[in-house]
Amino acid sequence: MPNFKLNINNKEYSVEAEADMPLLWVLRDILDLTGTKYGCGVASCGACTVIMDENAVFSCQRPVGACVNKKIITIEGLSEDGNHPVQKAWQKAKVPQCGYCQPGQMMRAAAMLGKNKKPTDETISSEMSNHLCRCGTYHRIKEAIHIAIEEINK
Amino acid sequence: MKKETIGRRQFIKLSSLSTGSLMIGFMVPGLQSLALPAFDCEFFQPSAYLKIDKKGKVTIYVGKQESGQGVDTALPMIVAEELEIDFKDVHTEIAPYGTLKEGEHDTGGSQSVMTMYTQLRNAGAIAKAMLITAAANVWKINASSCAADNGEVVNTNSNKRIKYGDLVCQAALLPIPAAVTLKNPKDFKLIGKSTSRSNLNEVLTGKTKYGIDIKVDGMVYAVAERCPVLDGVLVSVDDTAAKKVPGVIKVVSYKGTGAPMHVRAGVAVIATNIWSAMKAKKMLNITWDEGKKNKETTESLFKTFEERSRLKPQMEVFKKGDVTKFSTKNEISASYSEPFLAHATMEPVNFIASVKGDGCELWGGLQLPDWAVNTVSKECGFKKENIKVNLALMGGAFGRRLHFEFAIEAVKIAQQIDKPVKLIWERTDDIRFQPYRPATYHVLKAGIDDNNNLAAWQHHVLGTPVAYMTDGPGAKDAAEMDGADAGFCYNVPNINTGYTGVDFNINRGWLRSVDICVNSFPVESFIDEVALKLKKDPLQFRLSMLENKPDFKTGDAPGAAVQSPARVAGVLKLAAEKIGWTEKRKPNHFIGLATHSFIFAKSYAAHAIEIELLGPKKFKIVRVVAAIDCGLVINPDGMLNQMEGGFAFALTQTLKGEITVSDSRVVEDGFFSYELLRYDEMPPIEIYVVENKEEPGGVGEVGLPTVAPALCNALAAAGYRPRSLPIRKDGFTWV
């Protein structure tokens, strides 16, 4: 089986996997980074979102063979102890219900704010509409993103 | 050695205790008056609900299954309130399966807080009383000179304090008090205060373990292809290509089952990793015998409903007075329809099973674990006592895991390999093979008297009962009538409601808000239709039939639910006031109202929704106002979250949620075809609370039923009356 060197959360990993195995399953089942979630496998729900070279990507759509020499950040590596402005904002707005989709939502928000500290409502809306939350926490996600924007622009 | 013995013996299984009894710990006789710290032990656990160790760590065990509704916070808050402990010092854990009496792990129907409130207060108060007695013994004073405060017992004479952790050994040896005094609610410090979810930090850092994240030593992975038609059988499978996929261990097949769970016949690929299993599944070449009921469609079902609706209902559900006196003159009638719906939890269904000899061990989320164990025992041939269950956190449930066909499947697969197996349903499986919320059709008729008043109300509900699935066709008492039966809250002198069940070959199940949601849409829409037809104000028309009606029991049985028209009116008035019902509206702005009682959870809610009409059948939701009366609120923020999320859930099904069937197969197969509400479609929502001293009601479902009728009533005010959900089908569009 081929071997791939991956940089995840600023750490080097060497994994053995079929080249077509999506990054999602490498993270979850080989590296035990289960904060990245399986939701659909077809880029329709956003639960598997990670940050790759500063972009939010669906890890279910990235074969591991295409992830070498990329800088990958998962929810486990978003901050040392949950103090990323997005995590703090999510905490303040008490966003999660079941919480399953929230790592993906936060990774998308973090990538968006990493590139643009003052995104317009249209940008926020088009970015966050890549994600589904069946519990319906959109109202609070919106609130949390605005809290995070305020925080990073202080 | 001694330490361990005491720790273990203190803890007893409570499954043998009768309903409603207090929890009882273990007492070592004759050692009640040991002085601190003459005796060592590990922890004090006076009931299955809490444990305090000698370092002072307080663990509260949550007996109800968490799936996002917040029981992992609200229930421990109740214990902590009586125990007098700061909530930030509380650790919560899932109550291990089997530590509670039968039925107590069951989670559904918004019942958790309602049914556990007093019992959990008692659990906290008993522990507190024992800790106080232990401290009084140490100080050699009367317990009445001691008080509990913030995790310590205080000597009220000397102001000396002992931490709970330093009292656990003494407390563990005391007899359980037969009766304890509960706090006066006016002294509550925690109940009624918005509290963050107990697992919030884990969720935000990706550390939370849902069922799908659990790993068991030596575990392998499986996905399955299932017969597309319910109750079909496997004829043959060619797995040659599938077996060549690297990582595949084995391809196995299993038979379906009938009631209650209707496991479909399946072929499972077992592999060292889930990706190999998913790839190999696509290469299976399977021949099914679909049986004779393989040509049904949702179109044909609704045609059957329509035809059957012209006949008398199969069963009479509620009758009062004589509706026939008004059945010809000035009769108003309308019919409404609602589709099948899928739960579509974000965490795809999954389950782990391991079979060893004559026993099996299970890991995963179950809302009704006792029923699951009984059924696995029957279907798979294990004695109940040889089935070990490890309950898991669920990434959404909404009733999906009241059903457990996936657990039976996992065991059937695990019986064919000597390793633990994690079965994952792919999203396509989830949408295609669900127990769907039943489709229904409603015919309503209103008779008007000479004074232009609503004098007669007829409601014929035609549905595809869940009970036909769980109990077999012809199941008695199959009527799904909550929200439209004896609890019908409007004061109409003559009422006749009936039900007709129609069989249909896809599986059905309970989905969030169940019958009440299904029946509120036609009831609250039709009330509005009648008001408009009679040229009456829809708010005043409703109030005139609610405010003059006293609370009433909905049956003769001792536990029969009580309906409170006054509280139904109360939430409606609040919602109407907050949205400015009587104020002048902007051009092209329209408001719709709806109210209801979520009767079996003792809670009430109304919605007022304002839309702006942007063009023919094109609208924007401008404002959403919800009003709720759920009595005492344990965690206000949790209640708000449920109301906000419940609105989103209900808006999905109002706008676009629909499962269709062709050739007895579900057509939708994922989120591209079974669309859910997204971020850009979520309107702002305001929630207002009717505050009172009523006992706590349930909040997980009450926020749904009035969303569809309120929005549809707003559209009706704008000139369009939707009578079929989802409204997208009728050409409505929104921004």
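Start by selecting chain A and colouring it by domain: the assignment splits chain A into domain 1 (3-77) and domain 2 (85-152). Keep in mind that this is a predicted model. With both domains on screen, put a distance between their C-alpha centres, which lie 21 Å apart.

Now pick out the seam between them. Domain 1 of chain A brings 15 residues to the contact, and domain 2 of chain A brings 14. On the domain 1 side, strand E3 (49-52) and strand E4 (55-58) of chain A each supply at least two residues. E3(A) has the largest share of that side, with three residues. Colour the domain 1 side by class and you get seven nonpolar, six polar and two charged residues.

**Two helices in chain A**

Next, hide everything except H3(A) and H5(A). Their axes come within 11 Å and cross at roughly 35°, and H3(A) passes H5(A) in a right-handed crossing. To see who does the touching, show side chains for Gln105(A), Ala109(A) and Leu113(A) on H3(A), then Ile141(A), Ile145(A), Ala148(A), Ile149(A) and Ile152(A) on H5(A). By class that contact has seven nonpolar residues, one polar and no charged.

Stay on H5 of chain A and centre on Ile149(A), which sits in that helix. Is Ile149(A) buried or exposed? Ile149(A) counts as buried because it has 20 C-beta neighbours inside 10 Å, and 20 is the cut-off for that label. Leaving out residues up to four places away in sequence, Ile149(A) touches Leu113(A) and Lys118(A). Add Pro119(A) to the selection too: it is 30 residues from Ile149(A) along the chain, yet the two C-alpha atoms are separated by 8.3 Å.

**Over to chain B**

Bring chain B back and select the interface. The contact takes 43 residues of chain A and 47 residues of chain B. On the chain A side, the elements giving two or more residues are helix H1 (23-30), helix H2 (85-92), helix H3 (102-115), helix H4 (121-128) and helix H5 (138-152) of chain A. Sorted by class, the chain A side has 20 nonpolar, 18 polar and five charged residues.

Now zoom out to chain B as a whole. Chain B has 17 helices and 30 strands, and its C-alpha trace spans about 85 × 70 × 45 Å along the principal axes. How does the radius of gyration of chain B sit against that of a compact globule? With 735 residues, a compact globule would come out near 27 Å, and chain B has 28 Å, which agrees. If you colour by burial, 58% of the 735 residues in chain B are buried. As for contacts between residues at least 6 apart in sequence, 78% of those in chain B join residues at least 24 apart.

Colour chain B by domain next: domain 1 is 2-205, domain 2 is 211-292 + 343-432, domain 3 is 297-341 + 436-509, and domain 4 is 535-735. Pick domains 3 and 4 of chain B, whose C-alpha centres lie 21 Å apart. Their contact takes 22 residues from domain 3 and 27 residues from domain 4. On the domain 3 side, strand E14 (residues 332-338) of chain B gives the largest share, five residues. That side divides into 12 nonpolar, eight polar and two charged residues.

**Single residues worth a click**

Go to Trp288(B), in strand E12 (residues 285-289) of chain B. Trp288(B) counts as buried, with 20 C-beta neighbours inside 10 Å. Skipping residues up to four places away in sequence, Trp288(B) touches Cys227(B), Pro228(B), Gly232(B), Leu234(B) and Val235(B).

From there, hop to Asp231(B), in the loop between strand E8 (220-226) and strand E9 (233-238) of chain B. Most residues other than glycine have a negative phi, and most peptide bonds are trans. Asp231(B) has a positive phi, near 65°, and is buried, with 20 other C-beta atoms within 10 Å. Then try Lys535(B), which has a positive phi of about 55°. Lys535(B) lies in the loop between helix H13 (514-533) and helix H14 (538-544) of chain B and is exposed, with 8 other C-beta atoms within 10 Å.

Finish with the cis peptide bonds. One joins Ala259(B) and Pro260(B), with omega about 5°; Pro260(B) is in the loop between strand E10 (248-254) and strand E11 (266-271) of chain B. Another runs from Leu725(B) to Pro726(B), with omega near -5°, and Pro726(B) is in the loop between helix H17 (707-717) and strand E30 (733-734) of chain B.

How values were computed:
Residues numbered from 1 in each chain as written. Chains lettered and ligands numbered in written order. Predicted model: local features only at pLDDT ≥ 70, side-chain atom pairs only at ≥ 80, totals over all residues. Domains from an automatic or database assignment. Contact = placed C-beta atoms within 7 Å. Helix = DSSP H or I, 4+ residues; strand = E, 2+ residues; numbered from the N terminus. Nonpolar A, V, L, I, M, F, W, Y, C, P; charged D, E, K, R; others polar. Buried ≥ 20, exposed ≤ 12 C-beta atoms within 10 Å, placed from the backbone. Axes fitted to C-alpha atoms, helices over the stretch in contact; angles between N-to-C directions. Left-handed = near helix turned anticlockwise from the far one by under 90°. Rg over C-alpha atoms; globule rule 2.2 N^0.38 Å.
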